[in-house]
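Student: I am new to this one. Can we go through it step by step?

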Amino acid sequence: MEKKRNASSMLNRIPGVTYIFLIVFVAASIGVPKFFTVGNLSTMLLQACTLTLLSVAMALSLMMGSIDLSVGGVVSMGGVIMAYCMREGMHAGFALLIGLFIGAMFGLFNGLMVTKLRVPAFIATFGSMGIAQSIANTISDERTISWTPGPHTRLIDFLGDKALSIELGADAAQRLTISNLLVITAIAVGVVWLLFRKTTLGSNIYALGANEETARLSGIDVSKWRIIVFMISGLLAALGGIVVMIRSNSVQPTIGANLEFQACVAAVLGGNVMEGGKGSVPGAVLGALTLYTIRSAMSLLGIDTSWVQVVIGMVLVIGMVLNNMAAHQEKKNSQATLSRARAQHSSGKGA
Amino acid sequence: MAENKLLEFRHISKSFPGVKALEDINVDLYKGEVHILVGENGAGKSTLMKVLSGAYEATTGELYVEGKKIEKNSPRISEELGISMIYQELNLVPELSIASNIYLGHELRKGPFVDTAAQEKRANEILSEIGVQIDSRTLVKHLSIGAQQMVEIAKALSRNAKVIVFDEPTSSLTDSEIEELFNIIRLLKKRSVGMFYISHRLEELFVIGDRVTVLRDGRQIKTDVISNMTMDSVIESIAGRKIENLFPHTRKQAGEPMLEICGLTGEKFSNVSMMVRAGEIVGVSGLVGAGRSEVARAAFGVDPYTAGEVRVCGQRLPGNSPARANRLGMCLLPEDRKVEGLALALSIRENIVISSLKAMNPSGIVGQKKEREVVQQSIRDLGIATSSMEKLAKFLSGGTQQKVVVAKWLLSQSKVFIFDEPTRGIDVGAKSSIYQLMDDLVGQGAAILMISSDLTEILGMSDRIYVMSGGSVVGEVDSADANQNDILQMAFSNV
């Protein structure tokens, strides 16, 4: 009885984007030759890492009723600064720490602007996006930065290596590779999810997003928690910068440009509404994977990249319509849920 | 007796720039007492409670809690003292479970993690204590308003509240939910919780109250035990004048049928027929959930219907088109003014002209001067109390908001008015002016269909009454021959 009940409540909690993802994924697997091969899926997952991290960051800010447009800029800036440091001979470990620190500081800066100076999050983070991107452009002189590999960048080589590689056949399509970067991304997302589900982070974010006054009356330190979420967002963005830098072994200063838009799309597709107060971390991850499934399928079909944006836009609209229909259905089911809850309570008491 | 005193306001005054909101208030509260605060909007009830919650600081005067003087109050301090507020607009997070809401900001922990299992267990226990049979893992978004209020009470109890303040708790509850709430309040009394209770529904005073304090214009008019008071004496103290006749309505010569609803059938109602003539106020009574608002919304074209037809001034409405219904002179004044009737962020002027912009400005260019003249005229005609027509709608009291909505529809040449709960959450003084306004409307040949859960209002204002139950019209009576019992009996007949 207990198990069954949990299973049904789990089923209720599955974000609507799961179905969208499955539809897109199955369609791609059937319709696109070479898509459903371990080699292609390995590559796709690795490419999706940065966007996944940013989508999770975006989901957190959307859920608390804000937005963080600076994530893309922080990817560019973090990447450029880290690459610059290593080019100048700094040890990779320090460089990465500096990158993460800068990400967190941008989050702090965003948080302070929003909470203390009362600048709307959209404007504040739009501004810091510009600042971050300009810093990236200036330091790099708008050129790709790379470093000469040496003992001081051995950490980079290690992180860029594969954690696991299985050859299922002779050609590249049959080689399953799990990069360390994918492992790091999975761990980071896992930690955020754990914090969200198991600590007060989740309930505080929902409360902030649903109604700030409610949060305040409940004794939640509203400013502190907003700043914390912006800092987590900045950290995740910096980590995204690390991943993309290591994967391409160099940094273009525009590497993060427009990523905030894609992260928004992925998060919204994952059920994180702009008004805040609802949404989920796994939803954002699936949203990002959906976008990369489309991207990968279209590039395998040899379709021009500019069409990818068109299709992504359409998927977003269709996804939103489906989400709205689900919300409508849920409203209808509310009454049934309530009577079930009443029944559960009394049966629980009887036991 | 003194050791039973939970708290005391002594000579509390509060001034805002230019306004004296409270003047020398002396009110106390005992353990297990329900102390009712009544007064018109702006009389100072909420201000007094905000002094208690620490949201405001009193300008002069002292607050004692269990005999100890509170030097400096703040929301945190008052919460630690065991004072809990339950606001009219409930403060819950829809996406969280009942248990998480109860412990929001005060989570039970196991190391760095929230101890969800313990929270759910404790929450279930608290809910059981107050007789609420809902599993605490249920998300709050699935709960009715009434159940959400129970969660608020459980939240207060989880923090060992000694004093609970209810601000208009019953304004959006169904009758059975109100009964449930009163049972909980009785239970809390037995547990020595002291309660302040703010309400506009005066009949509740006599059901649940122990003592009553009447405030008017920031002054304490009287405080007395309930047995020394009558409904009339309370109304008189609130208004500061004798309201001779709360219901000014006189029967007019009924004219042509203006609104005809024939055999209307929809999701929540079937085969509903109603008719209103010019010069008539027709009441629609029934329990919450009888389908009254649904019929009104369908007739106006907001919601679809599957069978039947609606005629306005003899012309058939196409259905599904509120804009068309409005062009034929019909309008709906919804129950929830704040959500459906008004644009809160716009001014009085903008709200009044919003539906007539096209008619007033055929060229498409908005004529400021003419617009201001017209609005000034409406404000005068309807007696809208405001310092300026540019005041934003969100700053107006409930009664004034209602008048602005009426002004809007009058300007767009409406002749058929459907009022859904016209005086909910409106104080006595403003009520009587809304009633006067309705009487004036029918005097000028309009037709009014009035949905109301307030039986005295139905009997006092209607010429004829339809009673609905379980989605059907179960009776039609002339108000001259009707009494409360008959109507109630009909209302329960088809549940």
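Student: How many residues do chain B and chain A each bring to their contact?
Tutor: Keep in mind that this model is predicted. Chain A brings 30 residues to the contact. From chain B the number is 31.

Student: What area is buried between chain B and chain A?
Tutor: The size of an interface is often given as the accessible area lost when the parts come together. Here carbon and sulfur atoms give 56% of that area. The area buried between the two chains is about 2,500 Å².

Student: Which three residues supply more than any other three of the area that chain B buries against chain A?
Tutor: Together, these three supply 23% of what chain B buries against chain A. They are B:E95, B:Q133 and B:H142.

Student: How many residue pairs are in polar contact across the interface of chain B and chain A?
Tutor: Take salt bridges first. The rule finds zero of them across this interface. For polar contact, with both residues at pLDDT 80 or more, the number of pairs is four.

Student: How do the residues on the side of chain B that touches chain A divide?
Tutor: Start with where some of them sit. α2 (75-80), β8 (113-114) and α4 (116-129) of chain B each supply at least two. By class, the residues of that side are 12 nonpolar, nine polar and 10 charged.

Student: Within chain A, how are helices α8 and α13 oriented to each other?
Tutor: Their axes come within 10 Å and cross at roughly 150 degrees. Angles over 145 degrees count as roughly antiparallel. Therefore α8(A) and α13(A) are roughly antiparallel.

Student: Which residues make the contact of α8(A) with α13(A)?
Tutor: The residues of this contact are six nonpolar, no polar and no charged. α13(A) gives A:V281, A:P282 and A:V285. From α8(A) come A:V189, A:W193 and A:F196.

Methods: Residues numbered from 1 in each chain as written. Chains lettered and ligands numbered in written order. Predicted model: local features only at pLDDT ≥ 70, side-chain atom pairs only at ≥ 80, totals over all residues. Heavy atoms only, no water. Contact = heavy atoms within 4.5 Å. Buried area = accessible area lost by both parts, 1.4 Å probe. Salt bridge = Lys/Arg side-chain N within 4 Å of Asp/Glu carboxyl O. Polar contact = N/O pair within 3.5 Å; in protein donor to acceptor, adjacent residues only side chain to side chain. Helix = DSSP H or I, 4+ residues; strand = E, 2+ residues; numbered from the N terminus. Nonpolar A, V, L, I, M, F, W, Y, C, P; charged D, E, K, R; others polar. Axes fitted to C-alpha atoms, helices over the stretch in contact; angles between N-to-C directions. Parallel < 35°, antiparallel > 145°, perpendicular 65-115°, else oblique.
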